[in-house]
Amino acid sequence: MTTTAHDLGRRFHAALVSGDWPAIRSMLHDDATWTLPGDNTISGTVVGAHAVVERARKIASYGLSFELLHVLVSRENMALSLHNTARRPDAILDEYLTTVCRLRDGRIADIETYLSDVPGMNAFFV
C-alpha cells in the first residue's frame, strides 16, 4: 500500500496544481469528505466527490501556489505536507499545512487539513 499511497499523493498534488479536476475526481470515492478548520468561505466539511472537487477548484481560484514539501505515508493512508502562498492587494497567504487522506481500496475516502495559520486563512478566504 505504501508505494500506491505515495503515488496517489503525487498524482493528487499534480492534478491540483494543473487544475485537472477530472483527475482529482477519479481519485475520490463517491462519498468522500473534506474537512478544513477556520471560519471562512472554504471552512467546514463538504460531503461527496463533486463537493470535494468544487472545494479544490474554489481554493485554486484564489491563485494559490501549492508547494509540495513531502508526501507522507502510513500503513494505510497518506498525507501531503504543503506550503501554500498567495497574494491579493489586501491580503497575503503564507501557510504550512498537512492534508491527511484516509484511503479505501486505493482511493481517497476522507480528507482532513491541518493548518499552521488559521487566522491568516480566515483573513485570506473571505
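**Cavity, core and charged pairs in the predicted model**

The largest cavity is lined by 19 residues, and those lying nearest its centre are Trp-34, Ile-59, Asn-84, Leu-97 and Thr-99. Two or more lining residues come from each of helix 1 (2–18), strand 1 (28–36), helix 3 (49–60), strand 4 (78–88), strand 5 (91–104) and strand 6 (107–115). The structure analysed here is a predicted model. A search of the whole structure returned one cavity of 30 Å³ or more, and the volume of the largest cavity is about 170 Å³. By residue class, its lining divides into 15 nonpolar, three polar and one charged.

In soluble globular proteins, nonpolar side chains tend to be buried together. The largest nonpolar core in the model holds 38 residues, among which Ile-24, Leu-28 and Ile-108 touch the most other members. When residues up to four places away in sequence are left out, the contacts of Leu-28 are Ala-49, Val-52, Val-53, Arg-107, Ile-108 and Ile-111. One of these partners, Ile-108, is itself named with Leu-28 among the core residues that touch the most other members.

Ala-49, another contact of Leu-28, was also compared with Ala-23. The two alanines are 26 residues apart in sequence, and their C-alpha atoms are 12 Å apart in space. Ala-23 belongs to helix 2 (residues 21–26). Its relative accessibility is 19%, so Ala-23 counts as buried, the limit being under 20%.

Side chains of opposite charge can pair when their charged atoms come close. In the model, five salt bridges were counted. One of them joins Asp-31 to Arg-104, with 3.0 Å between the closest N and O atoms. Because Asp-31 lies in strand 1 and Arg-104 in strand 5, this pair ties together parts that are 73 residues apart in sequence. Both partners are partly exposed: the relative accessible area is 43% for Asp-31 and 35% for Arg-104.

A salt bridge within helix 3 is formed by the side chains of Glu-54 and Arg-57, at 3.4 Å from N to O. These residues are three positions apart in the helix and are therefore separated by about one helical turn. Glu-54 is partly exposed, with a relative accessible area of 33%, and Arg-57 also counts as partly exposed, at 36%.

The side chains of Arg-88 and Asp-90 meet in a further salt bridge, with an N to O distance of 3.0 Å. Arg-88 lies in strand 4, while Asp-90 counts as exposed, at 63% relative accessibility. Apart from residues up to four places away in sequence, Arg-88 touches Tyr-62, Ala-123, Phe-124 and Val-126. Arg-88 and Arg-107 are 19 residues apart in sequence, and 34 Å separates their C-alpha atoms. Arg-107 is among the contacts of Leu-28.

A separation of 19 residues along the chain also applies to Gly-48 and His-29, whose C-alpha atoms are 7.9 Å apart. Gly-48 is placed in the loop between strand 2 (44–47) and helix 3. With a relative accessible area of 13%, Gly-48 is buried. Beyond residues up to four places away in sequence, Gly-48 is in contact with Asp-30, Asp-31 and Ala-32. Asp-31 thus appears both as a contact of Gly-48 and as the salt-bridge partner of Arg-104.

Two further loop positions were examined. Asp-105 is located in the loop between strand 5 and strand 6. Most residues other than glycine have a negative phi, and most peptide bonds are trans. The phi of Asp-105, in contrast, is near 55 degrees, a positive value in a residue other than glycine. Asp-105 counts as exposed, at 71% relative accessibility. Gly-19 lies in the loop between helix 1 and helix 2 and is partly exposed, with a relative accessible area of 27%. Gly-19 and Thr-113 are 94 residues apart in sequence, with their C-alpha atoms 19 Å apart in space.

Key: Residues numbered from 1 in each chain as written. Predicted model: local features only at pLDDT ≥ 70, side-chain atom pairs only at ≥ 80, totals over all residues. Heavy atoms only, no water. 1 Å grid on protein atoms, 1.4 Å probe; cavity = no way out; pocket = protein on both sides within 12 Å on 5 of 7 lines; lining within 4 Å. Points joined across faces, edges and corners; volume = space filled by probe spheres on them. Helix = DSSP H or I, 4+ residues; strand = E, 2+ residues; numbered from the N terminus. Nonpolar A, V, L, I, M, F, W, Y, C, P; charged D, E, K, R; others polar. Core = buried A, V, L, I, M, F, W, Y, C linked by side-chain atoms within 4.5 Å. Buried < 20%, exposed > 50% of the residue type's maximum accessible area, 1.4 Å probe, protein only. Contact = heavy atoms within 4.5 Å. Salt bridge = Lys/Arg side-chain N within 4 Å of Asp/Glu carboxyl O.
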